[in-house]
Amino acid sequence: MATQIYQAIVDGILVGGVYALMAVGLTLIFGVLDIINIAQGILVVLGAYLSYSLSQRLGIDLFVGLLITVPAMFVLGVAIQWAFIRPLRGRERTSMTLLVTYAMALIIEGVLYRIYGPDDKQLNASYVTSSVHVLGFYLP
């Protein structure tokens, strides 16, 4: 019983770390650049779908696919910033970035829905279901 509780705590810390990483990104962008990026979540989902496509259609391993996915998402982010965010100037910049990034999120979500449909997708690799034994805990 105690092992299951400790395992749940470790799993919660790992999942919370992922959420914290996304929150830090939002906070950094808003605090430094004064941009409210509503599209950040859907850009993460877009990166996951890109990894899924590389894995399923081209047979590229998930970690090797990161060598393609990360630069592709960087280029997309720079393109969005250059084309849509950079032209915004003046007092209304913060509220306008909110609208622009929300529109981008809706567009990307619609495109993903059109391409992949409403069904759940799963990333599968041999090591996805395996665990590492560290200090008496199994880390997925």
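This report walks through helix packing, the main nonpolar core and two buried residues in a predicted model.

## How H2 meets H4

Let's start with helix H2, which spans residues 40–58. The axes of H2 and H4 come within 10 Å and cross at roughly 25°. Angles under 35 degrees count as roughly parallel, and H2 is therefore roughly parallel to H4. The crossing of H2 past H4 is left-handed.

On the H2 side, the contact is built from Ile42, Leu43, Val45, Leu46, Tyr49, Tyr52, Ser53 and Arg57. H4 answers with Ala105, Ile108, Glu109, Leu112 and Tyr116. Sorted by class, this contact holds 10 nonpolar, 1 polar and 2 charged residues.

## How H3 meets H4

Next comes the pairing of H3 (residues 62–85) with H4 (residues 93–116). Their axes lie 11 Å apart, and the packing angle is about 125°. H3 and H4 are therefore oblique to each other. Here H3 passes H4 in a right-handed crossing.

H3 brings Ile80, Phe84 and Ile85 to this contact, while H4 supplies Arg93, Thr97, Val100, Thr101 and Met104. The residues involved divide into 5 nonpolar, 2 polar and 1 charged.

## The largest nonpolar core

If you would like to find the core in the structure, the largest one has 12 residues. They are Ala39, Ile42, Leu43, Tyr49, Tyr52, Met73, Ile80, Met104, Ala105, Ile108, Leu112 and Tyr116. H2, H3 and H4 are the elements that each give two or more residues to this core. H4 provides the largest share, with 5 residues.

Tyr52 is a handy member to look at, as it belongs both to this core and to the contact of H2 with H4. Setting aside neighbours within four places in sequence, Tyr52 is in contact with Tyr116, Lys121, Gln122 and Leu123. Of these partners, Tyr116 is also listed in the core.

## Two buried residues, Ser51 and Thr69

Ser51 sits in helix H2. Its relative accessibility is 12%, so Ser51 counts as buried. Not counting residues up to four places away in sequence, Ser51 touches Leu62, Thr69 and Leu123. Leu123 appears among the contacts of Tyr52 as well.

Thr69, one of those partners of Ser51, is found in helix H3. With a relative accessibility of 5%, Thr69 therefore also counts as buried. Apart from its neighbours within four places in sequence, Thr69 is in contact with Gly47, Leu50, Ser51 and Leu54.

Terms used: Residues are numbered from 1 along each chain as its sequence is written. This is a predicted model: local features need pLDDT of at least 70, side-chain atom pairs count only at pLDDT 80 or more; totals for chains, interfaces and linings use all residues. Side-chain values use heavy atoms; hydrogens and water are left out. Axes are lines fitted to C-alpha atoms, for helices over the stretch in contact, and angles run from 0 to 180 degrees between N-to-C directions. Helices (H or I, at least four residues) and strands (E, at least two) are DSSP runs, numbered from the N terminus. Angles under 35 degrees count as roughly parallel, over 145 as roughly antiparallel, 65 to 115 as roughly perpendicular and the rest as oblique. A crossing is left-handed if the near helix is turned anticlockwise from the far one by less than a right angle, and right-handed if clockwise. Contact means heavy atoms within 4.5 Å. Ala, Val, Leu, Ile, Met, Phe, Trp, Tyr, Cys and Pro count as nonpolar, Asp, Glu, Lys and Arg as charged, and the others, Gly among them, as polar. Buried means under 20% relative accessible area, exposed over 50%, partly exposed in between (1.4 Å probe, protein chains only). A nonpolar core is a set of buried Ala, Val, Leu, Ile, Met, Phe, Trp, Tyr and Cys residues joined through side-chain atoms within 4.5 Å.
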